[in-house]
Amino acid sequence: MGAPEIGGISIRLVRKVDENIDALVDTARYNTAKDPDNLDLAVLDALDEKLSEALSELRLLKDEWEIEQMMTAVAATVEGFVEVVKALPRALTHARGERVVEGAFFARAREVGNELGYDTIAAAGNNATVLHWTRNTGRINAGELLLLDAGVEADSLYTADVTRTLPANGTFTAVQRKVYEAVLDAADAGFAAAQPGAKFRDIHTAATNVLAERLAEWGLLPVSVEEAVSAEGQQHRRWMPHGTSHHLGLDVHDCAQAKRELYLDGILAEGMVFTIEPGLYFKNEDLAIPAEYRGIGVRIEDDILMTADGPVNLSAALPRKADDVESWMAGIYQELDAGKASGDIR
Ligand SMILES: [Mn+2]
């Protein structure tokens, strides 16, 4: 593939993977052009973009081997979350508790996988309301929630992308649980909407409709649910400002260059792997809501495989219900204590 009308070497490049290669190809294009003085590199850039788009679209459907890689990445990620729970008691005593958590996950990612798929978000309390909090410099206080968004990249470079929101001391408060369960219901509604033949964007609509309803029930929504979910409304986005789903694969935001009609407006099909990740984020400084909600950020993110029979939650091994999260954490601490006890005997 090339651009013979321009002359020069016939090559198309996926740009921004390696800046040195980008520069090398630009130089080669210039040096081999028929008329270097009038070479329009932008024309060639546009051809490169078409290649990126085509590759993105080829990646929308995963084959059997790719799905195995995704499962491997998710399994390693689950192990990483267990390590984080184990590290939490120490994190609670550390001035940079979020870094303790980040480090625990990273260690597991390197031991069982290639790397992180993306920078870990370890966000406690109000930091969880900052969407891409990756500084992770904060303290984790007992009584706060820890939002952990982390994924292990397998040796094949396929990555998981999972979020759980954990009570730092193992128990949700009443208001934390209320917000958590609204987000879980939104995730479940997204999951139910994710059927072969449905539109990709139907997932977001189903999930955010649930959130708008809950915000209205709590008296936080300044308008009716009907107005909020209308195209001109969207008042609930104040507390849920991001999309609910993205494709997942070699990149954490896989297939990002695919044409809109195949992605956001695309039809869900067997072999697609994508996230469902609704959230609610109530900032400390948000005076539009009662004080009890402030400083609570919750997101629940699972990795979904679409099959002919419907969606499969690849990350279901991590507990999702509030009760299950609490008993899962308690079980890990019980095992730790039992291990310590037997260590004393030896
Ligand atoms: Mn994600």
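This presentation describes the fold of one protein chain, from its overall layout down to single residues.

Good morning, colleagues. Please note at the outset that the structure before you is a predicted model.

I begin with the chain as a whole. Eight helices and ten strands make up its secondary structure. Along the principal axes, the C-alpha trace spans about 75 × 60 × 40 Å. Of the 346 residues, 38% count as buried. If we take the contacts between residues at least 6 apart in sequence, 69% of them join residues at least 24 apart.

How is the chain divided into domains? The assignment gives domain 1, made of 20–30 and 38–58, and domain 2, covering 64–339. Their centres, taken over C-alpha atoms, are separated by 35 Å. Where the two domains meet, four residues of domain 1 are in contact with six residues of domain 2. On the domain 1 side of this contact there are two polar and two charged residues, and no nonpolar ones.

I turn next to the nonpolar core. As a general point, nonpolar side chains tend to be buried together in soluble globular proteins. In this chain, the largest nonpolar core has 77 residues. Among the residues with the most contacts inside that core are Val101, Leu146, Leu148 and Leu280. Which helix gives the most to this core? That is helix α3, residues 64–91, with nine residues.

Leu148 deserves a separate word. Leaving aside residues up to four places away in sequence, Leu148 touches Phe81, Val84, Val101, Ala122, Thr163, Arg164 and Leu166.

Now to the sheets. One open sheet has three strands in the order β2-β3-β5, with antiparallel pairing. Its edge strands are β2 and β5, the latter at residues 162–167, and each pairs on one side only. Neighbouring strands here are turned by 10 degrees against each other on average, direction ignored. Between β3 and β5 there are six bridges, in the antiparallel sense; in one of the pairs, Leu147 has Thr165 of β5 as its bridge partner. Helix α4, residues 97–112, packs on this sheet and touches β2 and β3. The direction of α4 makes about 150 degrees with that of β2.

A second open sheet also has three strands, in the order β6-β9-β10, and its pairing is antiparallel. Why is one side of β6 and of β10 left without a neighbour in the sheet? Strands β6 (273–276) and β10 (310–313) stand at the edges and each has a single partner strand, so one side of each stays unpaired in the sheet. From one strand to the next, the twist averages 40 degrees. Strand β9, residues 302–307, pairs with β10 over four bridges, and Thr307 has Gly310 of β10 as its bridge partner.

I close with two backbone details. In general, most residues other than glycine have a negative phi. Lys16, although not a glycine, has a positive phi of about 70 degrees. Lys16 lies in the segment before α1, which covers 19–32. Asn136 is likewise not a glycine and has a positive phi of about 55 degrees. Asn136 sits in the loop between β2 (121–124) and β3 (145–150).

Is Lys16 buried or exposed? Lys16 counts as exposed because it has 10 C-beta neighbours inside 10 Å. Asn136, by contrast, counts as buried because it has 20 C-beta neighbours inside 10 Å.

Thank you for your attention.

Terms used
Residues are numbered from 1 along each chain as its sequence is written. This is a predicted model: local features need pLDDT of at least 70, side-chain atom pairs count only at pLDDT 80 or more; totals for chains, interfaces and linings use all residues. Domain bounds come from an automatic or database domain assignment. Two residues are in contact if their C-beta atoms, placed from the backbone, lie within 7 Å. Ala, Val, Leu, Ile, Met, Phe, Trp, Tyr, Cys and Pro count as nonpolar, Asp, Glu, Lys and Arg as charged, and the others, Gly among them, as polar. Helices (H or I, at least four residues) and strands (E, at least two) are DSSP runs, numbered from the N terminus. A residue is buried if 20 or more other C-beta atoms lie within 10 Å of its own, exposed if 12 or fewer, and partly exposed in between; C-beta atoms are placed from the backbone. Two strands pair if DSSP finds at least two bridges between them. Axes are lines fitted to C-alpha atoms, for helices over the stretch in contact, and angles run from 0 to 180 degrees between N-to-C directions. A nonpolar core is a set of buried Ala, Val, Leu, Ile, Met, Phe, Trp, Tyr and Cys residues joined through C-beta atoms within 7 Å.
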